[in-house]
Amino acid sequence: MNDSKMTPEEEHAFYSNPENLTPQGPGRRRKQRLTELVPVRFPPDVLEQVRAAAKADDRSVSSWIRQAVNRELQVDSP
């Protein structure tokens, strides 16, 4: 797999191959349990920026958003 973004069709073809389903690296456990799913919607241009930032940090979009929210809350805390 290369580093460029795959189309949904390319992703489907890639993950249809059982050889591409082997986990890479050690598993990671969250420090704390997540408690609730909160749906959040973004305009397409913002979502693309979030995806690019998450990829640059080698994180999932959800993980990147959680980190950004946590950072923002720490900045605003007295």
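Helices (H or I, at least four residues) and strands (E, at least two) are DSSP runs, numbered from the N terminus. Residue numbers count from 1 along each chain as its sequence is written, and side-chain values use heavy atoms, leaving out hydrogens and water. The model is predicted: local features need pLDDT of at least 70 and side-chain atom pairs count only at pLDDT 80 or more, while totals for chains, interfaces and linings use all residues.

**Exercise 1. Describe the fold elements and the confidence of the model.**

Step 1: The protein has three helices and zero strands, and the order from the N terminus is α-α-α.

Step 2: Turn to pLDDT, the predictor's confidence in each residue, from 0 to 100. Its average over the protein is 85, and 90% of the residues score at least 70.

Step 3: Compare the elements. Helix α2 (residues 44-56) has the highest mean pLDDT, 95, and helix α1 (residues 8-16) the lowest, 87.

**Exercise 2. Check the length of α2 and see what follows this helix.**

Step 1: The expected span of a helix is 1.5 Å times one less than its number of residues.

Step 2: With 13 residues, α2 reaches 18 Å from its first C-alpha to its last, close to the expected 18 Å.

Step 3: After α2 comes D58, whose phi is positive, near 55°, although D58 is not a glycine. D58 sits in the loop between α2 and α3 (61-76).

Step 4: For accessibility, buried means under 20% relative accessible area, exposed over 50%, and partly exposed in between (1.4 Å probe, protein chains only). D58 is exposed because its relative accessible area is 65%.

**Exercise 3. Find the salt bridge and place its partners.**

Step 1: Side chains of opposite charge can pair when their charged atoms come close. The rule here asks for a side-chain nitrogen of Lys or Arg within 4 Å of a carboxyl oxygen of Asp or Glu.

Step 2: The structure holds one salt bridge. E48 and R51 form it, with their closest N and O atoms 3.0 Å apart.

Step 3: Both partners belong to helix α2, three residues apart, about one turn of the helix.

Step 4: E48 counts as partly exposed because its relative accessibility is 39%; R51, at 36%, is partly exposed.

Step 5: Follow R51 to W64, 13 residues away along the chain: their C-alpha atoms are separated by 8.7 Å.

**Exercise 4. Characterise the aromatic pair.**

Step 1: A pair of aromatic rings is described by the distance of the centres and the angle of the planes. Rings of Phe, Tyr and Trp (its six-membered ring) pair if their centres lie within 6.5 Å; planes under 30 degrees apart count as stacked, over 60 as edge-to-face and the rest as tilted.

Step 2: This rule gives one aromatic pair. F14 and Y15 are its members, edge-to-face, at 4.9 Å centre to centre with 90° between the planes.

Step 3: Y15 is partly exposed, with 41% relative accessibility.

**Exercise 5. Summarise the surface and locate a nonpolar patch.**

Step 1: Areas come from the Shrake-Rupley method with a 1.4 Å probe; for residues, only the protein chains shown count as cover. The protein exposes about 7700 Å², of which carbon and sulfur atoms supply 53%.

Step 2: Of the 78 residues, 8% are buried.

Step 3: Patches use residues with over 30% relative accessible area and no salt bridge, joining like charges within 9 Å and nonpolar side chains (Val, Leu, Ile, Met, Phe, Trp, Tyr) within 5 Å. V38, V40 and F42 make a nonpolar patch of about 270 Å².

Step 4: V40 lies in the loop between α1 and α2 and is exposed, at 52% relative accessible area.
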